[in-house]
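Me: I'm new to this one, so could you take a close look at a single part for me? I'd like to hear about the cysteines and the aromatic rings in that part.

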Amino acid sequence: MLDFDLDDDYDTALFFALAHLTQQQTRRPKYPTERVNWDEHLQKELYQNSFHRTYCMSYPSFMKLKGLLGDKIVLNGARSTASSGTAPIIPQVVMACGICWLAGGSPTDIKNAYGLTVSTVYRLRDLLLDAVCTTDELDIRLPDLSNPSEISKFRADFEKLSSSGVCKGCVGVLDGMLQRIGNPSVACAEGQVRSYFSGHYNCPGLNVLAMCDAFLRFTFFGVLNPGSASDRMTYLKSRLPAFVDSLPFGTYVIGDAAFPLGDNLLIPFTGTYKLDPSNDVYNFHISQLRIRIEMAFGHLNNKWRVLRRPLGGKLATQSQVLEVCARLHNFGINERILGGVMTLE
């Protein structure tokens with residue numbers, strides 16, 4: 001028979017419990033970091049003519065975007081000071097961290113460049129993502145069918161790109177894109193993990209459906225289906241069919257053969273039909289415009305290089321990252337148009 005003292009065991013258990021609680025309550029002191037001096041950093045970037053390369057836009061555009069985002073990227077001063085003992089991070093640094101991450105920067109490199117912690121980098125990134133997604137001026141909008149002058153402008157822009165102005169009624173070109181992601185968790189995928197695996201690309205992903213104008217600006221951008229879904233399924237799930245069916249007579253949208261042919265949705269001939277000379281000419285002219293959406297995707301991935309690697313995190317965050325990249329894509333093109341840098345001539 002075992003011989004033990006209940007009082008001794010109780011005292012021992014109490015000792016270890018108190019030691020554990022004491023250890024939990026003792027926080028490790030923060031390592032002192034020196035935050036970047038934004039004014040000095042800015043002067044250096046402007047002097048070296050590297051601001052645009054670092055932040056994917058000119059300094060005037062950067063400040064214009066800051067004005068659009070407004071108070072949404074302003075940190076709580078009292079809370080920041082109480083937490084870190086220093087002045088709160090200014091909005092310019094919030095934007096800088098978020099934009100650098102979207103441009104493909106490593107959180108560790110961003111941390112070292114701005115004197116922050118990795119957790120703070122992600123917190124500032126999320127703040128920028130939320131701000132961009134909730135700013136009305138950055139919304140991605142379909143052409144306004146109630147505005148004839150706007151529809152005429154879309155048609156005229158595409159007509160300039162068409163050989164001999166053959167395609168006179170195009171108001172948009174659409175296509176799908178697969179964005180690679182990490183394997184989603186069972187909880188995030190609601191038990192449908194396999195539905196996110198694309199057999200065509202042999203990787204998990206999200207199906208993105210987009211339409212753009214002649215200047216490569218997105219007029220529709222939706223993350224609507226997991227990677228296994230076809231472009232046709234995603235199109236039918238979106239609000240684009242209602243828009244296309246409502247187009248005035250003589251106007252149309254151009255897609256590839258994955259989309260359903262309709263009076264206002266043109267697709268190319270495939271198979272033996274494309275061997276007919278007249279059909280081949282038709283294919284040439286609509287492909288001449290349809291390439292604009294491929295160019296838009298290429299421009300999107302080339303500037304916002306976070307999309308070049310599989311996105312991680314929650315599915316909701318991945319969709320938000322894609323939408324933010326598309327909104328900033330449009331913002332950048334609008335700035336180039338206003339600056340006279342980008343034309344269709």
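Reply: Sure, let's begin at Cys56, keeping in mind that this is a predicted model. Cys56 is buried, with 12% relative accessible area. Who might it bond with? The closest cysteine sulfur to that of Cys56 belongs to Cys100, and the gap is 7.8 Å, so that's too far for a bond. A disulfide would need the two sulfur atoms within 2.5 Å. By this rule, the count of disulfides comes to zero. Another cysteine, Cys203, is buried as well, at 13% relative accessibility.

Now for the rings. Which residues do ring pairs link into a cluster? They are Trp38, Phe51, Tyr55, Tyr59 and Phe62. The structure holds 10 aromatic pairs. One of these is formed by Phe51 and Tyr59: their ring centres lie 5.4 Å apart and their planes meet at 85°, so this pair counts as edge-to-face. The cut-off behind that label is an angle over 60 degrees.

Are the two partners buried or exposed? Phe51 is buried, with just 3% relative accessibility, while Tyr59 is partly exposed at 25%. That puts Tyr59 past the 20% under which a residue would count as buried.

One more ring to look at is that of Trp101. The charged end of Arg125 sits over this ring, 4.6 Å from the ring's centre.

Notes: Residues are numbered from 1 along each chain as its sequence is written. This is a predicted model: local features need pLDDT of at least 70, side-chain atom pairs count only at pLDDT 80 or more; totals for chains, interfaces and linings use all residues. Side-chain values use heavy atoms; hydrogens and water are left out. Buried means under 20% relative accessible area, exposed over 50%, partly exposed in between (1.4 Å probe, protein chains only). Rings of Phe, Tyr and Trp (its six-membered ring) pair if their centres lie within 6.5 Å; planes under 30 degrees apart count as stacked, over 60 as edge-to-face and the rest as tilted. A charge sits over a ring if NZ of Lys or CZ of Arg is within 6 Å of the ring centre and within 35 degrees of the ring normal.
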